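Subject: Handover of a structure, with findings

Dear colleague,

Please find below the sequence and the structure that I am handing over to you. My findings follow directly after them.

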Amino acid sequence: DLVSAFSGTITTHTGDITITDTPTDAQLAIIDAATTGTITYGSGGGGGGGGGSDNDPITGTAAQVIETLQNKSGYTGDITITNADYTVAQLKTINSATTGTITLNTPNTALAGTSSDLAAAFSGTITEHTGTVTITNADYTVAQLKTINSATTGAITLTTTTTALSGASSDLALAFAGTITEYTGNITITDAD
């Protein structure tokens, strides 16, 4: 009904919308594009609780998820990304907007970007990423490698392999715990144990 209501030439809608059933991804994208108000929808069931549905799970393409999150603040629900062509930038945006678990329906998508962007993309709770990861900058850090390594089981390629790294042995071990294809830089271990 709401999709039909917005299918004409309504120029601006700013009010809040409550969807009384569970929308499809396509329906949610159409409704979200038509309003700047807050969209609330739940899993249905008895009205009267107030507010809980704002943290109901979100499922859709990365772009649809981002559209939905634009009208939510402090979102803590779980997210499922249904498309295979998500980007590092999209994962960064989604990760920064939720503390919930992020599930990738296609976990083997190859990703490439700077270490800071990749670390931000993986800083939340992504259940599984198995695709290859390419780090494009030379100034990656031990902390960033730790974050990236803990989030993917895919091969990690450093476009600059000679960057010197320094840190505690435990941090360095975690930074290299994944499958880094080649590293030729100098390492300084700063602790005694």
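I begin with threonine 68, which is located in helix α3. Please note that the model is a predicted one. With a relative accessibility of 8%, threonine 68 falls under the 20% cut-off and therefore counts as buried. Leaving out residues up to four places away in sequence, threonine 68 touches Leu28, Asp32 and Ile58.

**The chain as a whole**

The protein chain contains seven helices and 12 strands. Its radius of gyration is 20 Å, well over the 16 Å that the globule rule gives for 193 residues, so the chain is more spread out than a compact globule. The C-alpha trace spans about 65 × 35 × 25 Å along its principal axes. Of the 193 residues, 39% are buried. If one takes the contacts between residues at least 6 apart in sequence, 38% of them join residues at least 24 apart.

**The sheet β3-β4-β5-β7**

Four strands make up an open sheet, ordered β3-β4-β5-β7, and their pairing is parallel. The edge strands are β3 (58-60) and β7, each of which pairs on one side only. Helix α3 (residues 62-69) packs on this sheet and touches β3 and β4; the direction of the helix makes about 145° with that of β3.

The pairings, taken in sheet order, are as follows.

- β3 and β4 are parallel and pair over three bridges; glycine 60 has isoleucine 81 in β4 as its bridge partner.
- β4 (residues 79-81) and β5 also pair in the parallel sense, over three bridges; here threonine 80 has threonine 103 in β5 as its bridge partner.
- β5 and β7 (residues 125-126) run parallel and are joined by two bridges; threonine 101 has threonine 125 in β7 as its bridge partner.

Strand β5 (residues 101-104) has two distinct faces: Ile102 and Leu104 lie on the covered one, and Thr101 and Thr103 on the uncovered one. Together with β4 and helix α4 (residues 88-97), β5 forms a right-handed β-α-β unit.

**Nonpolar cores**

In soluble globular proteins, nonpolar side chains tend to be buried together. Which members of the largest nonpolar core touch the most other members? In this core of 33 residues, they are Ile79, Ile81 and Ile94. Isoleucine 79, for its part, touches Ile58, Val65, Leu69, Ile94, Thr98, Thr101, Ile102 and Thr103, when residues up to four places away in sequence are not counted. A second, separate core consists of six residues, among them Phe6, Ile17, Leu28 and Ile31. Leu28 has already appeared above as one of the residues that threonine 68 touches.

**The sheet β6-β8-β9-β11**

Another open sheet of four strands has the order β6-β8-β9-β11, again with parallel pairing. Its edge strands are β6 and β11, and each pairs on one side only. Between β9 and β11 the pairing is parallel, over two bridges, and isoleucine 156 stands opposite isoleucine 180 in β11.

Leucine 111 belongs to strand β6 (residues 111-113). Is leucine 111 buried or exposed? Its relative accessible area is 5%, and the cut-off for burial is 20%; leucine 111 is therefore buried. With neighbours within four places in sequence left aside, leucine 111 is in contact with Tyr86, Thr87, Val88, Leu91, Leu118, Phe122, His129, Thr132, Val133 and Thr134. One of these, threonine 134, is 23 residues apart from leucine 111 along the chain, and the C-alpha atoms of the two are separated by 6.4 Å.

**Helix α6**

Helix α6 (residues 142-151) has as its buried residues Val142, Gln144, Leu145, Ile148, Asn149 and Ala151. The elements that cover them include the strands β8 (133-135), β9 (155-158), β10 (165-167) and β11 (179-180), as well as the helices α5 (115-121) and α7 (169-175). Three of these strands, β8, β9 and β11, also take part in the sheet β6-β8-β9-β11.

Yours sincerely

How values were computed: Residues numbered from 1 in each chain as written. Predicted model: local features only at pLDDT ≥ 70, side-chain atom pairs only at ≥ 80, totals over all residues. Heavy atoms only, no water. Buried < 20%, exposed > 50% of the residue type's maximum accessible area, 1.4 Å probe, protein only. Pairing = 2+ DSSP bridges. Right-handed = clockwise from strand over helix to strand, strands pointing away. Contact = heavy atoms within 4.5 Å. Axes fitted to C-alpha atoms, helices over the stretch in contact; angles between N-to-C directions. Core = buried A, V, L, I, M, F, W, Y, C linked by side-chain atoms within 4.5 Å. Rg over C-alpha atoms; globule rule 2.2 N^0.38 Å.
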